[in-house]
Amino acid sequence: MPDAVLSIAGLSKTYGTGFQALRHVDLEIRRGEIFALLGPNGAGKTTLISIVCGIVNASAGRVMVDGHDNVTDYRAARSLVGLVPQELTTDAFETVWNTVSFSRGLFGKPPNPAHIEKVLRDLSLWDKRDNALRTLSGGMKRRVLIAKALSHEPRLLFLDEPTAGVDVTLRQDMWQLVRRLREGGVTIVLTTHYIDEAEEMADRIGVIRGGEIILVEDKAELMRKLGKKEMTLQLAQPLEALPPALAGLPLALGAGGLELTYTYDAKAEHSGITELLQALEAGGVAFKDLKTRQSSLEEIFVSLVREQEQA
C-alpha cells in the first residue's frame, strides 16, 4: 500500500497460558486516515494496539511505524505513536499541567509550554490546568488521557474506546477534536462500541474476531457491498396474512398488518421491485406511502460476526 504509516505483517500473540490472542494479522493503515477497528469483547483489539505501542511483546510478526521497526528501532517508532487507553489510569494527586508535561518528557521531547497549552485549550482543559486529577470528573479525566497522548506530537494516534462512559456532549467534542487532528496530519486508529461513531467518522473499517482480521474495507464500499435495503410500504387497509400473489417474496408483515417490508440486496443489478409492485396489484393490495432504508454499519457488523461464528 502506498504511503502506509503503519504496516503489520504476520503478527501473532500467544500468552503463557496458551491463549492465542492474535493469529497472523496483516494490516496497513494509510497516512492521514481515520481507521475504525471493530470487534466483540476479547477479539484482540487491545492486544493488537498494545503490541504496536510496545506495551506487549509479539510472539511472531513485524510492526513498522512510518518505516521504523518497533522492536529494533523501538525509540523512534514509539515516539511517533500516541495511545489513549480504555482505563482511567492517572496520578490522582498530580495537576493536569504537570501530568501532561511529564508525559511529553517521557518521550525525550524538550519542554514546549505553548504546545501543552494548545492541547489543553483544544480539550477544554485550560481552566483545569492547576487542578489535581482526583478532583476531576470521569469525563475530564478522559480528556486528560487524550492530552497526555498528544503531548509528544504523535503522527499516529490510537483511541481505545475513548468515549466509553462519557456524556453525549463530551463525545461530540472529542470527535470534533479527532477531525481537527486528522486535518493536521495525524492518523487515527480507533476502537469503539458505539458503531454509529465509526459509521460517521471512519474512512475505512476493519473487523477482528478471534484474533484474526476478517475484513478490511473502505466504509462506503462496505456499505455498498454488504448493506441490504428495505422498502416499507404503508398499506391502505390492514392485512391479516400475505395473499397468495405475494408468496415467496422476501416480505414481512408488521404494524398490525398495516406495513409490508421488502428486503433486497443493495448491490444486486435486479432489485425485484417491479415484480413486487406487479404482485401487489395482482393481489389487490393497495398502499398509500413507501420509504426505503439501508442497513446500518452496526447491522452489517453483527451479521459479519454471526457468519464467522457459524462458519
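**Strand pairing, salt bridges and nonpolar cores**

In the predicted model, A9 stands opposite R62 of strand 4. Strand 1 and strand 4 (residues 60-65) are joined by 5 bridges. The two strands run antiparallel. Strand 4 also pairs with strand 5 (residues 68-69), again in the antiparallel sense, over 2 bridges. Here M64 has D69 in strand 5 as its bridge partner. Strand 4 and strand 5 form a hairpin with 2 residues between the strands. In this hairpin D66 takes a positive phi, near 50 degrees.

Salt bridges were examined next. The count comes to 9 salt bridges. One of them is formed by R31 and D3, with the closest N and O atoms 2.7 Å apart. This pair links distant parts of the chain, 28 residues apart. R31 lies in the loop between strand 2 (20-30) and strand 3 (34-38). D3 lies in the segment before strand 1 (4-14). R31 is partly exposed, because its relative accessible area of 36% falls between the limits of 20% for buried and 50% for exposed.

The neighbouring position in sequence, R30, forms a salt bridge with D218, at 3.2 Å from N to O. D218 belongs to strand 10 (residues 212-218) and R30 to strand 2, so the salt bridge ties together parts that are 188 residues apart in sequence. Both side chains were assigned an exposure class. D218 is partly exposed, at a relative accessible area of 31%. R30 is likewise partly exposed, at 34%.

A further salt bridge lies within a helix. The side chains of K118 and D122 meet at 2.9 Å, N to O. Both residues belong to helix 4 (residues 113-122). They are 4 residues apart, so about one helical turn separates them. K118 is exposed, with a relative accessible area of 52%. D122, in contrast, is partly exposed, at 31%. Elsewhere, salt bridges that share partners join D3, R31 and D66 into one network. D66 is thus part of this network as well as the residue with positive phi in the hairpin of strand 4 and strand 5.

Helix 4 was then considered by its faces. H115, I116, V119 and L120 are buried. These four residues cover an arc of only 135 degrees around the axis, so they lie on the same side of helix 4. The face turned away from this buried side carries the exposed residues A114 and K118. K118 is also the salt-bridge partner of D122. On the buried side, the residues of helix 4 pack against helix 3 (96-106) and helix 5. Helix 4 is followed by S124, which has a positive phi near 55 degrees.

L120 reappears in the analysis of the nonpolar cores. The largest core has 39 residues. L120, L157, L159, I188 and I205 have the most contacts inside this core. Helix 5 (residues 138-150) gives the most to the core, with 7 residues. Helix 5 is also one of the two helices against which the buried residues of helix 4 pack. Another core lies apart from the largest one. This second core has 27 residues, among them A43, L48, V52 and V81.

Note on methods: Residues numbered from 1 in each chain as written. Predicted model: local features only at pLDDT ≥ 70, side-chain atom pairs only at ≥ 80, totals over all residues. Heavy atoms only, no water. Salt bridge = Lys/Arg side-chain N within 4 Å of Asp/Glu carboxyl O. Buried < 20%, exposed > 50% of the residue type's maximum accessible area, 1.4 Å probe, protein only. Core = buried A, V, L, I, M, F, W, Y, C linked by side-chain atoms within 4.5 Å. Arc of directions from axis to C-beta. Contact = heavy atoms within 4.5 Å. Pairing = 2+ DSSP bridges.
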